[in-house]
Every structure is written in structure tokens, then in C-alpha cells.
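Reader: I'm new to reading structures and would love a close look at just one part of this one. Could you pick a helix and walk me through it?

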Amino acid sequence: MCGIVGYVGNKQVVPLIIDGLRKLEYRGYDSAGIAVVNESHDLEIRRAEGKLRNLEEVIRLSPLDGTYGIGHTRWATHGRPTEENAHPHRDCSGRIVVVHNGIIENYLQLKEQLRKTDHQFVTETDTEIIAHLIEEYLKAERNFEKAVRRAMQDLKGIFALSIINADEPDMIIAVRQGPPVVIGLGDREFFVASDIPPILQHTRDVFFLGDGEMAIINKDAVRVTDFEANSVQPAIQRITWDPIMAEKGGFKHFMLKEIYEQPRSVRDTMQSRISLDTGRVFIDEMKNITEAEFKQFTSIKIAACGTSWHAGLAGKYMIEQLARVQVDVDYASEFRYREPVMDENTLLLVISQSGETADTIAALRETQQLGSKVLAICNVQGSMITREADGTILTHAGPEIGVASTKAFTAQMVALYLLGLYLGNLRGTLSAGEAKHHAQQLAELPVKLEHLLNESDDIEELSKEFFRATDFLYLGRGINFPVALEGALKLKEISYIHAEGYPAGEMKHGPNALIDERLPVMFINTREEGNRSSELRYEKTHSNIVEVKAREGIVISVLTEGDTMSATMSGHPSYRSFHFSFWLITSRCVVAAMSTNHATWQSQSPLSNKPTIDHRCFSVFAFSIAFPPMSLLK
Ligand code: BG6
């Protein structure tokens, strides 16, 4: 994943592009570069290995300016992260330059072909051949736009491009085949970017390029065509996000900011979609799925990746419980290659924060080819998945810049819960009273989240006890199992501590071999008074806690306010007023209930030499996500 920014207008382009790239560094930061054309149509390039600040230093030492240009921040795929492999890349004449996000699968074949017509290549990248390919077609076409279009037809793979030809003043051509390209519409100025944040402080009017489309941008206008030169009418939309939402909002890290944005993202995701009086749910973004079809589906398959897959697994518990329809959950990367059994009575539900995850898009397309409908839960309007799905439930988490998904996860949970309620209402498996009860509980969630997030300092203290741990085990039953999986994933993603999530009932079938006085075992053992199956799960999990204690294991538990039974088995029970605390603990490495050998842990710990607190503490600390109302499920 790389970041692209381009600009045509009257402003000084260099600071504008640099600032835009800074907002895209989450997409890649192993090298960066910029190409600018000045008043006298000279094209200048500056590139640097490493973080953006290295490029800024190169520009400080060797300034350049102009009123249109393109920039790139890289996450290397082809060619090492070096200055010469940094983008932009140019052709033999040095007049055509390209920045690229994606992978050209047939670049070696094309390189061989171009070598036959004396093109000289200076980098190891796949991107460089694009500039030479355009140069080659320019000889025949004598028209930059046509040359680009012909070149695009030769490329195989995924590519988001911004291209300049210094002989075509004030023009940028942006191309999309796969990764996202956003075009920003200003007053006699236009922006290209891989995402919305770089554009937001300049304009709110944007459109996403579609797959197989290219935008020809100059100072006066933008034209969009497909690769066959057919004109395309872009779907312009006004972004309501304020620029700050795209910035860190004063938090040390985007991830922390996004964790604290959960009350808003959950509130916005359920906003105007649920009636507290009737419990009815309104999911209005259905392009091509009718209520009759929702009634008739006999099974639902969920396909997703990473955190979205964990949300899908929890969604299975919710939807099966609320709507009594069978739900199966697949990793999209498996689903797309296993020839799933689908028919018109099976609905595929794809879940994706970005709406651009290749495996999930492939699962969607595979399913549509099999003649089944696809519903999407997605966070980015206009993204590929929302464009191709038969219907979309948008989560309103806002831009998620932290690579590890957080607020989008809880927003996905709320969207899944809303879908469960919607289907339950529609299919008559939920009484009006039950629907109303669930709706009210859901409506209380944002406030409970705020309460939870305001209580996190003590957990930060606790996290400092565990950031030296090398392994963690997360255990839960029922809907707490996917929660355990997500907790383990987050710990891995942001702290590089090895962590595994398991159904608590599986502990005795192998994982218990890992348990000793060095292994923190995180139990999610919430319960709802008077709810028989919740009580049953609680008791079973409690006996697992006892087993771990018997093996001198370290028990960290997330309990429901007032729970004393499991609390006594845990050194530092974490009481929260409601079930939702699990995430607070996980991220903050929990309210560890260290067994009496807590002290021994300290002294014996081979990790006694203090690594940088900031890094690991933050990483095990940073992660408080309250979780949708497990208690709402029987
Ligand atoms: C990975 C991210 O790249 O993609 C995960 O690191 C994310 O956090 C996964 O869950 C799936 O992404 P998406 O956008 O399809 O939900």
C-alpha cells in the first residue's frame, strides 16, 4: 500500500504535496518522492529513502517549485526501499513521470519488449516500465492521453497511477485499476490522492475513480473516461468528515484517537437506523436486494479478512440468535478459491473497513458470478466493494488511519447487530417487545463506551506489568470467542507479542500445554444475570480459570460489575459497570489478576532490561474497544 498525491492549480505545489503525503504515511513510509513542473516546463524530481522528513531535507537543500506536480510515499513491493527505487519513475526522455500504488504482474514481459526498442531501465521496480510504455505509444499516437490509454490496456495487475508529461503543461492523468484514487474538485484547482485526508482541508467535493477509469485533469476541468475512451460521468459526493477527523486530533497516535472515537462511530453507525419506540431497524442503502429476498434467504455466508473476519464471526452469533437463519463464516482468501456452494437463496455478506481488500472483492465477484446476491458492510462510501455489492450497510466510523482496525470493528459489530435485528423483525423471529428491548440497550452503548474510555488510566498502569510478556492466550465462549480472537490479533498487530485466541472449551484439547507461571491467560468471562445460556457459559469458563490457576498460570479476567466468583480467582479483577470492558483490558494488557507469584514474575523475568516503555506500553496499552452488547444475546 503506497500513498499518492497530485495537484494542478495556482498554489505552490511542493508544500501542498508534502503535507498531503504526510497524511498518507500510514499507507507506506519506506521512501518518498515528488515531481514538479515549473513555469518554464522543466520537470524536476526529488526522492529520498526512508521517512518523508528525509525527502523534506533533500528539498530544503535543493529547493524546487511549480504549480503542478505529483508525489508518492512508498511501501515497497518490487525493488528494495532505496532512493533510486523511490517514485516518481520516468521514461528515457525524462519528460514522462509516473507514481504508482499497486503491482504490475506482467512488468518483466513488458520490460523485455521495451528493451527491444532500446528503452534503458535504471530501477528494479515494476512501476518504471509504465513511463517507458507511455513513451513508446506516444511515438505512435502523438497524443499523451491516447498513449496513456493504450499503455493501460497492456498492464496486468492492480494499479493506481498519477502521470505527468512535461510537454503537456498543467495536466495530470490519474488512473485506477484496483487501489483507490480520489479526485478533489476545487475552484480552478484539482487534487488526486489515494485517500480523502490529503484533500479534505482543500475541498469536500470529491469522487472516487472506478476500476478501469482514468481522469484527465488540467487547471480548468476534469474529464473521466474508461480505457476504451468512453466518457464516464463521475459520482461526485460531498464529504462530511471535518479535516480534524482526518488528523490525529491531539492523540499521540491515530490508533489511540480512533479508539476514543468509538462512542461517536457507534452512535453515527446506528444513527437514524433504529426506532427506540418500535425496535424497528431501517437499512436503506439497498441497491439491488429486496425485502422479499431478505425474507427468503435460507442461509447467509460471511466472507472477510483480518479484524473484519472476527466481526463476521461475532455476527454469526448475533444473526443466528436474532433471526434464526444459518450463518457460515469464511476467510475471504479461502472462500474465493473453494468454489462455495451458493444459490439464489444464499446471501453473501462481505465485511470490509476499507472496501478495497482484494480477497474480499474477489469473494464478492465470485458470488455474483454464481448468481447470488451480495450485501456489504463497509466503512468507505464509493469504495470498490460498495460500488459492486448489491446493497451496502455503511458503517460511519470515519476515516480509519491506524493500520490495525479499531473503531471500524465496533462499528461493524453495531452494523451486524442492526442487520440481525432487521432480519429478526422481517422474518418474525423477534417479538415487538424483544426488538424494542434490544434497540434500547443498543442506544445506551455510546454512553457506556464513553464511561469505559474515561476509566482507562489504571489499566495503563497495569499494562506496564505485561509489556515484557512474550506470549498471551485469549479465551472466551460464545460471542466472547471472536472477541478473544480479535484481542489476540490486536496484541500481535501492534506489539509483536505472540498471542492466540481460542474457544475456552478448547483449552483442554492442547493449548493448556502452554500454561505455566510465565503465560498470561486473558479470560473474557462476562455474564448476564438471569440469562440461562450466558450463566452456563460463565460457569464453564470459570472452571477453565480454576484449571489455569491449578497450573500456576497468570489469570487476567474481564468480568461483569459485581462478579465475585471469578474475581477471587483473579489477582486484580477488573470490574466494569457492564460487560463491555474486555477491550479496555486487552489493549491495556488488562486488569491482570496476577497470581500470588506476581512478585516472582517481576524478579525472575528474563526481560528485566527495560525496553522502550513508550513503544510497547503504548502498544499493549492503546487498545480499548468496548464491545457490542453481548448481554443482549441470550
Ligand atoms: C489488514 C489490516 O490489512 O486488512 C487489518 O491490517 C484489517 O486491520 C484487514 O482488518 C481487513 O481490512 P478491511 O479493510 O477489508 O476490513
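Author: Sure! One term to start with: a residue is called buried when its relative accessible area is under 20%. Keep in mind that this is a predicted model.

Let's take helix 11, which covers residues 306-323. Going by that cut-off, helix 11 is mostly covered, with 13 of its 18 residues buried. How far apart are its ends? At 1.5 Å a residue, helix 11 should span 26 Å, and its end C-alpha atoms are 25 Å apart, so the two values agree. Helix 11 does have a kink, though: about 25°, centred on Gly315. Right after the helix comes Arg324, and its phi is positive, near 50°.

Now zoom in on Ile319. Skipping its neighbours within four places in sequence, you'll find Ile319 in contact with Arg324, that residue with the positive phi, among others. Its other partners include Ile300, Val325, Val327, Leu349, Leu416, Leu419 and Leu423.

Some of those names come back when you look at the largest nonpolar core, which has 50 residues. Ile319 is listed among those with the most contacts inside this core, along with Phe294, Ile300, Leu349, Leu375 and Leu419. Helix 15, residues 407-427, gives this core its largest share, 12 residues. There's also a second, separate core of 31 residues, and Leu21, Tyr26, Ile199 and Val206 are among its members. As a general pattern, nonpolar side chains in soluble globular proteins tend to be buried together.

Conventions:
Residues numbered from 1 in each chain as written. Predicted model: local features only at pLDDT ≥ 70, side-chain atom pairs only at ≥ 80, totals over all residues. Heavy atoms only, no water. Helix = DSSP H or I, 4+ residues; strand = E, 2+ residues; numbered from the N terminus. Expected span 1.5 Å × (residues − 1). Bend = angle between axes of the 7 residues up to and from the residue. Buried < 20%, exposed > 50% of the residue type's maximum accessible area, 1.4 Å probe, protein only. Core = buried A, V, L, I, M, F, W, Y, C linked by side-chain atoms within 4.5 Å. Contact = heavy atoms within 4.5 Å.
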